[in-house]
Amino acid sequence: MAETRTERDPLGPLQVPADALYGVQTMRARQNFPISGLRPLPAFVTATVWIKKAAALTHRDTGRLDADLADAIVRAADEVLAGQHRENFVVDVYQAGAGTSHNMNANEVLANRANELLGSARGSYAPVHPNDHVNMAQSTNDVIPTAIRLGCLALLDGVGDAVGPGRGLLAAFRALQDSLLAKGREFDNVLKSGRTHLQDAMPIRLGQEFTAYGGTIARNIKRVEQAADFMRDLGIGGTAVGTGVNAEPDYPAKMVAHLRAITGLDLRGGMDRVQLMQSMGDAAGLSSQLRTLAVDLSKIASDLRLLASGPRTGLDEIRLPAVQPGSSIMPGKVNPSIPEMVNQVCYQVMGNDSCVAISAEHGQLELNVMMPVIAHNLMLSLQILTGAATSLDERCVRGIEANEEMCGHWLERSAALATALAPQIGYARAAEISKQSVKENVLIRDLVKREHVLSDQQVDEALDLRKMTEIGVPGGAHGSVSAG
């Protein structure tokens with residue numbers, strides 16, 4: 001059997017693994033919540049440790065915490081921020097309300113490591129105590145909402161070595177936007193059939209479609225940035241119910257200053273710490289905008305799959321880069337694997353937002369106790385959207401090629417081209433031409449010339465495919481309709 005040590009808390013003694021940096025309260029959480037096997041996301045751990053480091057620095061500044069103890073806590077925090085001791089953050093995502101177990105997990109890890117640095121044994125909690133020193137002037141109730149804000153902002157901006165690959169969500173989506181706009185320029189002369197209701201519609205340029213995709217991403221980036229700005233207001237210093245009991249008057253401002261310096265994030269002290277503790281509305285607002293981003297991103301991914309369908313029995317208007325074999329039984333098959341992954345990520349984000357919204361509503365009076373699941377789902381959405389956008393950009397969009405031959409093939413066969421004749425021959429006659437074209441499987445252009453509906457010159461002017469992709473009346477008509 002593994003060696004253990006005995007620790008005590010207000011409920012009594014408990015055996016803790018001898019080599020663990022966590023302690024008795026974390027051990028109780030492990031026993032109480034063997035729920036999912038999911039551990040806290042790296043961004044959540046990083047954000048929590050940022051707060052503990054900032055608190056130690058603040059209390060050293062004010063003289064409330066002995067400099068030797070503060071320095072040991074800071075050194076322990078820096079080790080975690082550098083990627084060490086992460087295996088000791090072990091509390092399940094689904095835990096007791098508010099995140100007390102996660103907060104105490106961080107307090108115990110930092111206290112035990114600080115004591116080791118000062119020459120004491122793990123589990124001794126002397127001279128550094130998890131509650132009295134690491135958690136000084138803090139409550140779970142202001143630590144966790146602050147950690148949610150810091151973790152989300154870090155994931156947005158790509159801050160912190162332990163947060164992710166060093167590239168935040170905003171940078172990933174700006175790169176995707178740029179790649180889509182670049183394809184829009186590259187494909188600007190590729191004429192193709194537009195489609196509405198999955199039926200033939202008027203011509204459009206492939207470049208116009210991709211430019212619109214880039215514009216959609218740009219609008220979503222702006223919405224996310226606007227929602228994220230509310231997350232910059234920190235309620236740290238509110239302690240138990242937002243009133244700041246047990247915190248020195250200058251503690252909140254000093255905490256924000258240290259957190260700015262530690263993280264490099266643009267942060268503000270909240271004007272109303274009671275409000276910031278009561279409401280999870282800012283987190284729900286950011287989650288909502290991530291859901292909207294996911295809705296649009298998924299639509300783009302689905303469009304790419306549809307445009308690349310085939311290659312012999314689908315549209316085949318674009319060719320996606322081949323990134324892996326597509327079938328274990330059909331040789332040579334290549335699937336749109338990257339867009340398929342993006343769809344799945346987006347569906348998960350939509351589900352995450354539902355969880356965040358319900359959890360944000362379910363706060364009572366001075367606190368929302370559903371913060372652990374809010375933290376997990378919101379940060380997970382940020383993390384997986386960042387990865388999905390990066391993969392879609394680098395392994396798909398940048399390598400997309402236009403199949404101009406197939407684009408032209410489908411365009412000439414579009415029954416919707418009869419629309420361009422309507423200003424000259426009227427809607428009813430154009431509708432007859434469209435139906436006859438489909439019935440006889442003949443091109444609109446050939447049918448109209450054959451039936452002498454218009455002169456050959458008028459037909460060619462009205463069916464100028466490039467001009468149909470720009471504002472104007474085909475054939476230069478000015479509202480008159482032939483009675484023929």
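Histidine 133 lies in helix H5, which spans residues 130–134. The model that places it there is a predicted one. Histidine 133 is buried, with a relative accessible area of 18%. That value falls under the 20% cut-off for burial. Beyond its neighbours within four places in sequence, histidine 133 is in contact with five named residues: Leu65, Leu69, Ile73, Pro127 and Val128.

The cysteines were examined next. A disulfide is a covalent bond between the sulfur atoms of two cysteines. The search covered the whole structure and found 0 disulfides. For cysteine 152, the closest cysteine sulfur belongs to cysteine 355. The two sulfurs are 13 Å apart, so the distance is too great for a bond. The cut-off for a disulfide is 2.5 Å. Cysteine 152 is also buried, and its relative accessible area is 0%. Cysteine 346 is likewise in no disulfide. Its nearest cysteine sulfur, in cysteine 396, is 13 Å away. Cysteine 346 counts as buried because its relative accessibility is 0%.

Open space was then considered. Rolling a probe the size of a water molecule over the atoms shows where empty space is left. The largest pocket has a volume of about 410 Å³. Its lining is made up of 16 residues. Those closest to the centre of this pocket are Ala308, Gly310, Pro311, Val334 and Asn335. By class, the lining of the largest pocket comprises 8 nonpolar, 4 polar and 4 charged residues.

The second largest pocket holds about 300 Å³ of space. A set of 15 residues lines this pocket. Closest to its centre are Lys192, Arg195, Glu209, Tyr213 and Asp303. Four elements each give two or more residues to the lining of the second largest pocket. Two are strands, E3 (191–196) and E4 (199–205). The others are helices, H8 (206–230) and H11 (281–307). Strand E3 supplies the largest share of this lining, with 5 residues. The lining of the second largest pocket divides into 7 nonpolar, 3 polar and 5 charged residues.

Technical notes
Residues numbered from 1 in each chain as written. Predicted model: local features only at pLDDT ≥ 70, side-chain atom pairs only at ≥ 80, totals over all residues. Heavy atoms only, no water. 1 Å grid on protein atoms, 1.4 Å probe; cavity = no way out; pocket = protein on both sides within 12 Å on 5 of 7 lines; lining within 4 Å. Points joined across faces, edges and corners; volume = space filled by probe spheres on them. Nonpolar A, V, L, I, M, F, W, Y, C, P; charged D, E, K, R; others polar. Buried < 20%, exposed > 50% of the residue type's maximum accessible area, 1.4 Å probe, protein only. Contact = heavy atoms within 4.5 Å.
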